[in-house]
Amino acid sequence: MAVIITNASVLNSEGQPERMDVEIKNGIIAGIAEAGSLKAAGQEVIEAEGKLLIPGLIDMHVHLREPGFEHKETIETGSRSAAKGGFTTIACMPNTKPVTDSPEVVSLVLGKAREAGLVKVLPYAAITKNELGEELTDFAALKEAGAIGFTDDGVGVQSAQMMKDAMKRAAALNMPVIAHCEDNTLVEGAPVAEGAFAEKYGLKGIPNESEAIHVGRDILLAEATGVHYHVCHVSTEQSIRLIRLGKQIGVKVTAEVCPHHLLLSEEDIPGPDTNWKMNPPLRSRRDVEACIEALLDGTIDMIVTDHAPHSAEEKAKGMLLSPFGIVGFETAFPLLYTAFVATGQWELPLLVKRMTEDPARVFGLNAGVLKAGAPADLTLIDLDTEREVNPDDFATKGRNTPFAGWKLKGWPVATWVDGRQVWSAGDMESKKDEAGLSAD
Ligand SMILES: NC(=O)N[C@@H](CC(=O)O)C(=O)O
Ligand SMILES: [Zn+2]
């Protein structure tokens, strides 16, 4: 049976919102037509008047913590959090326990994701065994098992030779290498970036070069090997300069940036609060401006959350000993919508594109577009209602966010994956009930 989402605001090819009906059938977008024109007897109808309907959001950098760290998150809780944040496809990092460095762990992740039955989960596999940087994993077997790319995210691959070998192998398999860029010799246990905050609290600072030195090295290695090289969570002006040059000279380099690196600088850290500790760290205002400019001009291809849940106990260990990372799914779209689109700085279609079409294009996914024949991965958003970020309401197990109390607009209210509604907000539910309709 078909489901009609009626009177939704859909961005047309010129990026203008138009009132439309969207028909979902057999998991596919069966049709898009003028508002009110698709309703027919015997069909389920979802009233979406005044709401924005976009392709389901895609997040190519997330940590789901299973296997091994289920106290932080499970594939089920992470998937639910993603669905609530409007995401329909997420790519999970291999820094689990055991590390996703064998076909067995890839299969386990895919199995758990299927059981959860919420969003599409694409696993990355590790570049090196146990992410120790010593021995390459079996790329062919990992690809065969369903891994979509190789990364040691959480740590940088310290050896240039190891990275070059990895890139050669990945290129031969037509697979991307996704890099957490960090030179450990330049970091030495510092919890925050170099800058005013580190100075004020007498902390060692993480310098910008620790990231950019790997970006530069790896762009040269990508040029030499021909691999698709993707830079994780870009946070520095210097990295951006190098990526821009790499793209100019035709190296297959792509990049991502996180909402927090577009919104916050080290000057904003209110005090020794570990909800502000993440890797890469919050940098200077100048770096933030460079990230924004690079996202707008396409040097940075996409937005990712780097959703990194940790338990309250772990985050209570103080600035030096607590783990790096903040949660991201449930605040990403509202944060960026409120800060950049509602203020008139960015066009809405640009934000949507960087979270849908662009990641799909870069990673070759059949997703990210709202058109007839595409999978019915869809997100409905309420652009008007303002609500405070309340970590106690999160679906993720993590409460570690620096955005608690922020007043935001642009909250997702319903999410469909392959035509199945995997999440809806309370008020959407009641509207359906009043109309005596159900979306399933
Ligand atoms: N980003 C973080 O601060 N933490 C990530 C690791 C990572 O993505 O580098 C984590 O796994 O907790
Ligand atoms: Zn990382």
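**Exercise 1. Work out which residues are around ligand 1, and sort them by class.**

Step 1: go round the ligand. Ligand 1 has His63, Asn95, Asp153, Gly154, His180 and Met278 around it, along with Asn279, Asp306, Ala308, Pro323, Phe324 and Gly325. A residue gets in if its C-beta atom, placed from the backbone, lies within 6 Å of the molecule.

Step 2: sort them. The shell comes out as four nonpolar, six polar and two charged residues. Here Ala, Val, Leu, Ile, Met, Phe, Trp, Tyr, Cys and Pro count as nonpolar, Asp, Glu, Lys and Arg as charged, and the others, Gly among them, as polar.

A word on the ground rules: this is a predicted model, where local features need pLDDT of at least 70, side-chain atom pairs count only at pLDDT 80 or more, and totals for chains, interfaces and linings use all residues. Residues are numbered from 1 along each chain as its sequence is written, while chains are lettered from A and ligands numbered from 1 in the order in which they are written.

**Exercise 2. Trace how β1, β2 and β3 pair, and find the turn residues with positive phi.**

Step 1: take β1 (residues 3–11) and β2 (residues 17–25). Seven bridges hold this pair, in the antiparallel sense. Strands are DSSP runs of E, at least two residues, helices are runs of H or I, at least four, and both are numbered from the N terminus. Two strands pair if DSSP finds at least two bridges between them. Ile4 has Glu23 in β2 as its bridge partner.

Step 2: look at the turn. Five residues sit between β1 and β2 in this hairpin, and Gly15 in the turn has a positive phi of about 80°.

Step 3: carry on to β3 (residues 28–34). β2 pairs with β3 over six bridges, again antiparallel. Ile24 is matched with Ile29 in β3. This hairpin has two residues between its strands, with Asn26 in the turn at a positive phi of about 50°.

**Exercise 3. Lay out the sheet that contains β6, then place α1 on it.**

Step 1: the order is β6-β7-β8, an open sheet of three strands with parallel pairing. β6 (57–62) and β8 (120–123) each have a single partner strand, so one side of each has no neighbour in the sheet. From one strand to the next, the twist averages 20°.

Step 2: check a pair. β7 (residues 87–92) and β8 run parallel, joined by four bridges, and Ile90 partners Val121 in β8.

Step 3: add the helix. α1 lies across β6, β7 and β8, at about 135° to β7. Axes are lines fitted to C-alpha atoms, for helices over the stretch in contact, and angles run from 0 to 180 degrees between N-to-C directions.

**Exercise 4. Describe how α1 meets α2.**

Step 1: get the geometry. The axes of α1 (residues 75–84) and α2 (residues 103–116) come within 9 Å and cross at roughly 55°. That makes the pair oblique, since angles under 35 degrees count as roughly parallel, over 145 as roughly antiparallel, 65 to 115 as roughly perpendicular and the rest as oblique.

Step 2: list the contacts. Ile75, Glu76 and Ser79 in α1 meet Val109, Lys112, Ala113 and Ala116 in α2, contact being C-beta atoms, placed from the backbone, within 7 Å. By class, that's four nonpolar, one polar and two charged residues.

How values were computed:
Two residues are in contact if their C-beta atoms, placed from the backbone, lie within 7 Å.
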